[in-house]
Amino acid sequence: MKPVIFCDFDGTITLNDNIIAVMKKFAPPEWEAIKDDILAQKCSVQQGVGRMFSLLPSSLKEEIVQFLLDTARIRDGFSEFVAWTKQQHMPLYIVSGGIDFFVYPLLDGFIEKERIFCNRADFRGETIQITWPYACDEHCQNECGCCKPSLLRKLAPKGAKTIVIGDSITDLAAAKLADHVIARDFLLEKCREFHLPHTPFTTFYDVIDALKESEVIA
Ligand SMILES: [Mg+2]
Ligand SMILES: [Zn+2]
């Protein structure tokens, strides 16, 4: 059976975190205290992200998307990586704590929508309301928002090896379940600390090489 790949979006496929970029550009200063609460674990990611977006008027939708299309950068080798996984018949899923209204446009032309799992936004109210189609299952109490370990449990067929690609604390719970982790930044430090089987990466060319060398695809 082919291994199943779960790849993060913000800070992994894109060079920077898009939620932070949007808040810096569009939100009133209160967003920073909410971000600090999330980092200090005084509130869950789900609560914090919901509160941050509720600071933004729904009317900003198009402007936010355009801003990210103009400024966000996709990491080198990503489209080659997607093509390679197809060639190898390896299922690839994008699992993201980002929001559909910017994740889809940024990934348009790179990968099919059906392979992307992220949060959603509702623009019918005065301010942006986030909805959570992939909230935690009964095995996770973290209020992740988009729960990566739950998605891993749901999408990987029984017995299939799993590979997690990511960069941050929000990838750690899924990384602990994976057979192999391809990591950068904070997640890389955590892989070392917890002795998780892993390979560091900078570009998606490195990711292809890591997968070619990894025992899990043999
Ligand atoms: Mg990330
Ligand atoms: Zn969860």
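Which residue follows α2 and has a positive phi? The points below concern a predicted model, and the first of them answers this.

1. End of helix α2. The residue that follows α2 is Gln41, and its phi is positive, near 55°.

2. Buried side of α2. Helix α2 spans residues 31–39, and Trp31, Ile34 and Ile38 are buried in it. These residues cover an arc of only 60° around the axis, so they are on the same side of α2. The buried residues of α2 pack against two helices, α1 (18–26) and α3.

3. Gly48. This glycine belongs to helix α3, which runs over residues 45–53. Gly48 has a relative accessible area of 0%, so it counts as buried. Apart from neighbours within four places in sequence, Gly48 is in contact with Ile34, Ile38 and Cys43. Ile34 and Ile38 are among the buried residues of α2. Computed along the chain, Lys35 and Gly48 are 13 residues apart, while their C-alpha atoms are 6.9 Å apart in space.

4. Zinc site. The zinc ion (ligand 2) has as protein donors the SG atoms of Cys136, Cys140, Cys144 and Cys147, lying 2.3 Å from it. The spacing of these donor residues in sequence is C-x3-C-x3-C-x2-C. Angles among the four donor atoms are 107 to 111°, and the site is tetrahedral. For comparison, the ideal angle for four tetrahedral donors is 109.5 degrees. Of the donor residues, Cys136 has a relative accessible area of 23%; buried would require under 20%, so Cys136 is partly exposed.

5. Aromatic pairs. The count comes to twelve aromatic pairs. One of them joins Phe26 and Phe67 edge-to-face, with 5.5 Å centre to centre and 85° between the planes. Phe26 lies in helix α1 and Phe67 in helix α4 (residues 61–71), so this pair ties together parts that are 41 residues apart in sequence. Both Phe26 and Phe67 are buried.

6. A pair within one helix. Phe78 and Phe81 form a tilted pair, 6.3 Å centre to centre and with 40° between the planes. The two are three residues apart in helix α5 (residues 78–87), which means that about one helical turn separates them. Phe78 is buried, as is Phe81. Ring pairs also link Phe78 and Phe81 with Phe110, Phe201 and Phe204 into a cluster.

7. Charges over rings. Arg115 has its charged end over the ring of Tyr93, 5.4 Å from the ring centre. Likewise, the charged end of Lys176 sits over the ring of Phe194, at 4.2 Å from its centre.

Terms used. Residues numbered from 1 in each chain as written. Chains lettered and ligands numbered in written order. Predicted model: local features only at pLDDT ≥ 70, side-chain atom pairs only at ≥ 80, totals over all residues. Heavy atoms only, no water. Helix = DSSP H or I, 4+ residues; strand = E, 2+ residues; numbered from the N terminus. Buried < 20%, exposed > 50% of the residue type's maximum accessible area, 1.4 Å probe, protein only. Contact = heavy atoms within 4.5 Å. Arc of directions from axis to C-beta. Donors = N, O, S within 2.8 Å, 3.2 Å for Na, K, Ca; no water. Tetrahedral: all angles 85-135°; square planar, octahedral: opposite > 155°, others 65-115°. Phe/Tyr/Trp six-rings, centres within 6.5 Å; stacked < 30°, edge-to-face > 60°. Lys NZ or Arg CZ within 6 Å of the ring centre and 35° of its normal.
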